[in-house]
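Trainee: Could you take me through one part of this model up close, and then show me what lies beyond it? I'd be glad of the cut-offs behind each term as you go.

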Amino acid sequence: MKSIAVLGGLFIGTCQAASLTVLVGGGMLGDSMMTSVVEPFEKATGIKVNAVKQQCAPAVIRTMAQSKRQDIDLCMLSSASMIVLAREGLLAEINYQAIDPAVAEQIEPALRHKYGVGFFNYAIALGYDKSKLRAGVNAPQNWGEFWDPKKFPGPRILQSGAYPGQGPWEEALIADGVPVEKLYPIDVDRALKSLDKIKPAVRKWWMVGAEQEQAFSGGGAAMGQGFDGVFQNVMKTNEKLAYTYAQAKIYTLHLVVPKGARNSQEAEKFVNFALDAQRQALFSKLSGYSPTNRSAFKFLDPAFASTLVGAPGNKEKAYYANADWYSALDASGKTNAEALIKRWNEWVLK
């Protein structure tokens, strides 16, 4: 694998013909991508993949455009980030003609965007350590119960609101009695008042999945908000951990091609390969995240498939985060996601 240096936030590679540079994500996500997609793709096509195990941040795409160094050919973005960068003219249109029609039709229409195609779904769910629950008390099954430390005592963790489009905003409103169908536009003042109530019981506001994993595998949390895939990974060694998809928040990561990518044709081939049902099934087995290709479930063990947010019975309990609201601009020209970060940073220091 050719080396890629990071200089001033910009990736500088040595891509040649029949190669492409892909940001595959970090940690478990990056490892899962390497095994299920990157390595098989190289063997099947002979195309060299310069894989960078790092999350794709909008700032990286903007820096490339400003410096006119298109060093990244493909990466994964959240729905909200994809919408924002597409609006700024920084993403290329997805060439759906290069995707096998039989594969494309198995991707939900809502996930086939003009500038990105959904690769996997993941959920922010409510997890708990059964060994830390009070005797005779059932596990918390919704955010209203999570917000009740008297009935459900124990240290909690919640996701930080310091990243765009993330944080316990919806959970705080649901705990305060707001129905899921009325979460948006988010009432920020009401959400912060709700967070005030649970703040004393929160041991950590985590920012990356590794922190969530450490809190539960190390016994530092009785319950908390977290990625379903990370919960799955911890449960391999901690049988006392469990989680529920009730009131879980679903996100989609999309495969996107930066505008002006040097190896766009190779990127198109990679997208087509990554969306194949068997590739998606293997990725799900390794990561614990749900495939967007509905045919992938045919290649998954039913018991395991039932643990994914995209499985029948789970998806109906959850809801999609509203990417259109998060990416919308307010009167100052900032996205709602950016405005939330400002409010969060002010609140969390109080």
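**A helix and its partners**

Mentor: Let's start with helix α1 (residues 27-45) and helix α10 (residues 264-274), whose axes come within 10 Å of each other and cross at roughly 125°. With that angle, α1 counts as oblique to α10 (under 35 degrees is roughly parallel, over 145 roughly antiparallel, 65 to 115 roughly perpendicular, and the rest oblique). Axes here are lines fitted to C-alpha atoms, for helices over the stretch in contact, with angles from 0 to 180 degrees between N-to-C directions. Helices (H or I, at least four residues) and strands (E, at least two) are DSSP runs, numbered from the N terminus.

Before we go on, please keep in mind that this is a predicted model: local features need pLDDT of at least 70 and side-chain atom pairs count only at pLDDT 80 or more, while totals for chains, interfaces and linings use all residues. Residues are numbered from 1 along each chain as its sequence is written, and side-chain values use heavy atoms, with hydrogens and water left out.

Back to the helices: α1 passes α10 in a right-handed crossing (the near helix is turned clockwise from the far one by less than a right angle; anticlockwise would be left-handed). On the α1 side the contact (heavy atoms within 4.5 Å) is made by Met33, Val37, Val38, Pro40, Phe41 and Ala44, and on the α10 side by Glu266, Lys269, Phe270, Phe273 and Ala274. Sorted by class, the contact of α1 with α10 has 9 nonpolar, no polar and 2 charged residues. For these classes, Ala, Val, Leu, Ile, Met, Phe, Trp, Tyr, Cys and Pro are nonpolar, Asp, Glu, Lys and Arg are charged, and the others, Gly among them, are polar.

Helix α1 has another partner to look at. Its axis and that of helix α11 (residues 277-287) come within 9 Å and cross at roughly 155°. That angle makes α1 roughly antiparallel to α11. The crossing of α1 past α11 is right-handed. Here α1 contributes Met28, Leu29, Ser32, Met33, Thr35, Ser36 and Pro40, and α11 contributes Arg279, Leu282, Phe283, Leu286 and Ser287. The contact of α1 with α11 divides into 7 nonpolar, 4 polar and 1 charged.

Now follow the nonpolar residues inward. In soluble globular proteins, nonpolar side chains tend to be buried together. The largest nonpolar core has 94 residues, and Phe119, Leu195 and Phe270 touch the most other members. A core of this kind is a set of buried Ala, Val, Leu, Ile, Met, Phe, Trp, Tyr and Cys residues joined through side-chain atoms within 4.5 Å, where buried means under 20% relative accessible area, exposed over 50%, and partly exposed in between (1.4 Å probe, protein chains only). Phe119 ties in with the helices above: leaving aside neighbours within four places in sequence, its contacts include Met33, Val37, Ala274 and Phe283, along with Leu253, His254 and Leu255. Apart from the largest core lies another, of 15 residues, among them Cys56, Met64, Leu90 and Val256.

Met64 sits in helix α2 (residues 58-67), and its 1% relative accessibility is why it counts as buried. Lys68, in the loop between α2 and β5 (75-78), is exposed because its relative accessibility is 72%. Lys68 also has a positive phi of about 60°, although it is not a glycine. Gln247, in strand β10 (residues 241-256), likewise has a positive phi of about 60° without being a glycine; with a relative accessible area of 22%, Gln247 is partly exposed.

Here are a few more places to visit. Helix α9 (residues 228-235) is largely enclosed by the rest of the structure, because 6 of its 8 residues are buried: Asp228, Gly229, Val230, Phe231, Gln232 and Val234. In the loop between α6 (169-175) and α7 (188-198) you will find Pro185, joined to Tyr184 by a cis peptide bond with omega about 0°.

Finally, Thr335 lies in the loop between α13 (323-327) and α14 (336-348) and counts as buried at 7% relative accessibility. Asp330 is in the loop between α13 and α14, but at 26% relative accessibility it counts as partly exposed. Beyond four places in sequence, Asp330 touches Thr335, Asn336 and Ala339.
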